[in-house]
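Colleague: Please take one close look for me at the cysteine links and what surrounds them. I work at the bench, so keep it brisk and give me the reasoning.

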Amino acid sequence: MLGWRVKQLIVSTVLAVGLGTSYSTAFDLDAVERLRSKPTCADCDLSGASITGSYLPGAILTNANLTGADLKEANMNGADLSGANLSGAELSGASLNYANLSGANLSNANLSKASLSGANLSNASLSGAVLIGASLRGARLAQAQLAGANLEGANLHLVLNLDAALLVDAKLCNTTMPDGRIDNRGC
């Protein structure tokens, strides 16, 4: 069994790969270790952490700070991220099917080719988010803020409550809308 200092060094080394300089020391190493061993980390600070490719289905990250975190290709299906701050997070290719992102801050996050089918994004802020090619099939977007978001090629088929979502200046080029039609606004 590894000692605590050796584990901390390993976690530090693994997490240092891919971190931006603005977030390199912000996150709590113990929170990352806890998340990897038991996917429950409500209210914890994971800002700037690199959790690329992690397997975290059903994780509980309510009100967690994931600002600028790298979650590329992570499996977070069914995770509870309600109230979490994911602003500027890298979520390209992440799987967030049926995740609860209600009230989450995803402004300026990269969700390119992310899978958000059935996800709850009610009251979420996606202002300036990049959702190029993302699948939001059957997602709930009631009162979501998508101002300036890039939804180019996104699949919004069967999305619930898109009418109440704020789409001001959103780029919808080649986007499949809830009724199945293709919207080319912003091409």
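Modeller: Start with the S-S bond between C41 and C44. The torsion about this bond is about 140 degrees, so the disulfide is right-handed. Keep in mind that this is a predicted model. The two sulfur atoms of C41 and C44 are 2.1 Å apart. That is a disulfide because the cut-off is 2.5 Å.

Now look at how much of each cysteine is accessible. C41 has a relative accessible area of 3%, so it is buried. C44 stands at 8%, so it is buried too. Buried here means under 20%.

Move on to the link between C173 and C187. Their sulfur atoms lie 2.0 Å from each other. The angle about the S-S bond is 105 degrees, and this link is right-handed. The pair connects distant parts of the chain, with the two positions 14 residues apart. C173 is in the loop between α2 (29-37) and β1 (175-176). C187 is in the segment after β2 (182-183). The two ends have opposite labels. C173 is buried at 12% relative accessible area. C187 reaches 62%, so it counts as exposed. The cut-off for exposed is over 50%.

That makes two disulfides in total. Counted along the chain, the bonded cysteines pair as 1-2, 3-4.

Next, the setting. The protein chain holds two helices and two strands. Read from the N terminus, the order is α-α-β-β. Take α2 to begin with. A31, V32 and L35 are buried there. These three cover an arc of only 100 degrees around the axis, so they sit on the same side of α2.

The loop between α2 and β1 also carries T62. T62 is buried, with 16% relative accessible area. Leaving out residues up to four places away in sequence, T62 touches A42, D43, D80 and S82.

Then the loop between β1 and β2. M177 lies in it. At 4% relative accessibility, M177 is buried. M177 and R137 are 40 residues apart along the chain, and their C-alpha atoms are separated by 9.3 Å.

Charged pairs come next. There are four salt bridges by count. One of them joins the side chains of E152 and K171, at 3.1 Å from N to O. Both residues lie in the loop between α2 and β1, so this pair ties together parts that are 19 residues apart in sequence. E152 is partly exposed at 27%. K171 is partly exposed as well, at 30%.

D70 and K72 form another bridge, with N to O at 3.3 Å. Here the two labels differ. D70 has 9% relative accessible area, so it is buried. K72 has 31%, so it is partly exposed. The partly exposed class runs between the cut-offs of 20% and 50%.

R181 and D179 also meet in a salt bridge, at 3.3 Å from N to O. R181 is partly exposed, with 43% relative accessibility. D179 is at 55%, so it counts as exposed. D183 joins in too: D179, R181 and D183 are linked in a network of salt bridges.

Finally, the chain as a whole. It has 187 residues, and 46% of them count as buried. Consider the contacts with a separation of 6 or more. Residues 24 or more positions apart account for 4% of these. The chain exposes about 8400 Å², and carbon and sulfur atoms supply 51% of that.

Back to the cysteines, then. C41 is buried, and so is its partner C44. C173 is buried, whereas its partner C187 is exposed.

Methods
Residues numbered from 1 in each chain as written. Predicted model: local features only at pLDDT ≥ 70, side-chain atom pairs only at ≥ 80, totals over all residues. Heavy atoms only, no water. Buried < 20%, exposed > 50% of the residue type's maximum accessible area, 1.4 Å probe, protein only. Helix = DSSP H or I, 4+ residues; strand = E, 2+ residues; numbered from the N terminus. Contact = heavy atoms within 4.5 Å. Arc of directions from axis to C-beta. Areas by Shrake-Rupley, 256 points an atom, 1.4 Å probe, with all protein chains shown as cover.
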